[in-house]
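Here are my notes on the model, as numbered points. Have the viewer open while you go through them.

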Amino acid sequence: MTDIVLYRNPLSGHAHRVELLLSLLEIPARLVDVDLRAGAHKTPEFLSKNPFGQVPVIEDGDVTLADSNAILVYLAGRYDRSGAWYPREPLAAARVQQWLSVAAGQLAAGPATARLIKLFGRGLDHGRAVWVAEQLFAVMDQALASQPFLTGPTPTIADVAMYTYTAHAPEGGLSLEPYGNVRAWLVRVEALPGFVPMQRAGAGAG
Ligand SMILES: N[C@@H](CCC(=O)N[C@@H](CS)C(=O)NCC(=O)O)C(=O)O
C-alpha cells in the first residue's frame with residue numbers, strides 16, 4: 001500500500017480530524033502543507049482536487065477525496081477492520097451521522113467560527129458564534145454525562161470529528177470550564193493510542 005497523501009494546513013481543525021484518524025488507525029500517510037495565506041488552495045492544480053478550494057483533501061491511490069467528514073467515513077469504512085470506528089448497524093451508523101452533521105453544523109458555526117474571528121481576524125459575528133457554541137457544549141455535556149464517548153462506550157469517527165474544534169475552543173475566546181463532562185471526554189480522546197494533537201495557534205491559516 002502506498003502512503004495516503006493528506007493535503008492540510010497545520011492550523012486547520014478540519015484537516016486535523018483527518019490526521020487524527022489516520023494516526024489512530026495507524027494508516028501510513030504523507031502530510032502536505034497547503035499555504036492558505038499564500039492562496040495555494042485556490043490554484044488550478046488544487047482546485048482540480050477540491051473545487052471548493054479547501055483543505056483537507058486526501059489522495060489514496062487513484063482516489064481523490066475532499067471534505068473532512070466524508071474522508072473519515074471513507075478511511076474508517078476502508079481501513080478499520082474492527083468496524084468499531086464507523087459501525088454498519090443502521091441505528092449505530094445513524095447515531096454517528098448525527099454527530100457528523102453537528103460537526104458540519106453547530107461545531108463549524110460555533111467554536112470553529114469563533115476561532116476564525118479571534119485568530120485570523122475573520123469579519124464574522126463573534127457573539128452569534130459564542131451563542132451557538134454554548135448551546136452545543138451544553139448538549140455535548142449532557143450526552144457525555146451517561147457515556148464515555150459521544151455515541152456510547154467506545155470511540156467512533158463522531159468523536160474524531162467533534163474533538164479538534166472543541167479542544168481548541170479557548171482559542172476562539174470560549175471557556176470549557178462549565179462543561180466538566182466535555183473536558184473529561186477531551187482527556188479520554190487524548191489518551192487513545194495514536195492520538196496526535198493539533199498545534200496551538202501562533203500564525204498560519206484557518
Ligand atoms: N466542509 C469542509 C470545510 C473545510 C474548511 O473549512 N477548510 C478550511 C480550513 S479549516 C479552508 O480550507 N479554508 C479556506 C477557504 O475556505 O478558502 C470540510 O469538512 O472539509
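1. Start with what packs around helix H7. The buried residues of H7 (157-167) pack against helix H1 (13-24), helix H3 (68-79), helix H4 (90-104), helix H5 (106-120), helix H6 (126-143) and helix H8 (180-190). How many residues of H7 are buried? Eleven of the eleven are, so the helix is largely enclosed by the rest of the structure. Polar names turn up in that buried set too: Asp-159, Thr-164 and Thr-166 are among them, along with Ile-157, Val-160, Met-162, Tyr-163 and Tyr-165. Keep in mind that this is a predicted model.

2. Now the overall layout. The protein chain has eight helices and four strands, and from the N terminus the order of elements is β-α-β-α-β-β-α-α-α-α-α-α. Its radius of gyration is 16 Å, close to the 17 Å that the globule rule gives for 206 residues, so the chain is as compact as a globular protein of that length. Along the principal axes, the C-alpha trace spans about 45 × 45 × 25 Å.

3. A few whole-chain numbers. Of the 206 residues, 48% count as buried. Take the contacts with a separation of 6 or more: residues 24 or more positions apart account for 69% of them. The chain exposes about 9700 Å², and carbon and sulfur atoms supply 54% of that area. On charges, there are 17 positive and 19 negative ones, and their mean positions are 3 Å apart.

4. Next, strand E3 (residues 57-60) and its pairings. Which strand pairs with E3 over three bridges? That is strand E1 (residues 4-8), and the two pair in the antiparallel sense. Within this pairing, Val-5 has Glu-59 in E3 as its bridge partner. E3 is also joined to strand E4 (residues 63-66) by four bridges, again antiparallel. In that second pairing, Ile-58 stands opposite Leu-65 and Asp-60 stands opposite Val-63.

5. The E3 to E4 connection is worth a look in the viewer. The two strands form a hairpin with two residues between them. Gly-61 sits in the turn and has a positive phi of about 60°.

6. Side-chain directions in E3. In a regular strand the side chains alternate between the two faces of the sheet. In E3, Val-57 and Glu-59 point one way, while Ile-58 and Asp-60 point the other way. Are these four residues buried or exposed? All are buried, the acidic Glu-59 and Asp-60 included.

7. Val-57 deserves its own point. This E3 residue has 0% relative accessibility and therefore counts as buried. Leaving aside neighbours within four places in sequence, Val-57 is in contact with Val-5, Leu-6, Tyr-7, Phe-46, Lys-49, Asn-50, Thr-64, Leu-65, Ala-66 and Ile-71. One of those, Leu-6, is 51 residues away along the chain, yet the C-alpha atoms of Val-57 and Leu-6 are separated by 6.0 Å.

8. Over in strand E1, check Arg-8. Its relative accessibility is 14%, and buried means under 20%, so Arg-8 counts as buried. Which residues does Arg-8 touch, not counting those up to four places away in sequence? They are Ala-15, Glu-19, Leu-31, Val-32, Asp-33, Val-34 and Val-55. Two acidic residues, Glu-19 and Asp-33, are included in that list.

9. For contrast, go to the loop between H7 and H8, where Pro-178 is found. At 56% relative accessibility, Pro-178 counts as exposed, the cut-off for that being over 50%. The C-alpha atoms of Pro-178 and Val-130 are separated by 14 Å, with the two positions 48 residues apart in chain numbering.

10. Last one: Ala-94, in helix H4. What does 37% relative accessibility make of Ala-94? The residue counts as partly exposed. Ala-94 and Thr-151 are 57 residues apart in sequence, and their C-alpha atoms are 9.9 Å apart in space.

Notes. Residues numbered from 1 in each chain as written. Predicted model: local features only at pLDDT ≥ 70, side-chain atom pairs only at ≥ 80, totals over all residues. Heavy atoms only, no water. Buried < 20%, exposed > 50% of the residue type's maximum accessible area, 1.4 Å probe, protein only. Pairing = 2+ DSSP bridges. Rg over C-alpha atoms; globule rule 2.2 N^0.38 Å. Contact = heavy atoms within 4.5 Å. Areas by Shrake-Rupley, 256 points an atom, 1.4 Å probe, with all protein chains shown as cover. Lys, Arg positive; Asp, Glu negative; His and termini not counted. Charge placed at Lys NZ, Arg CZ, Asp CG, Glu CD.
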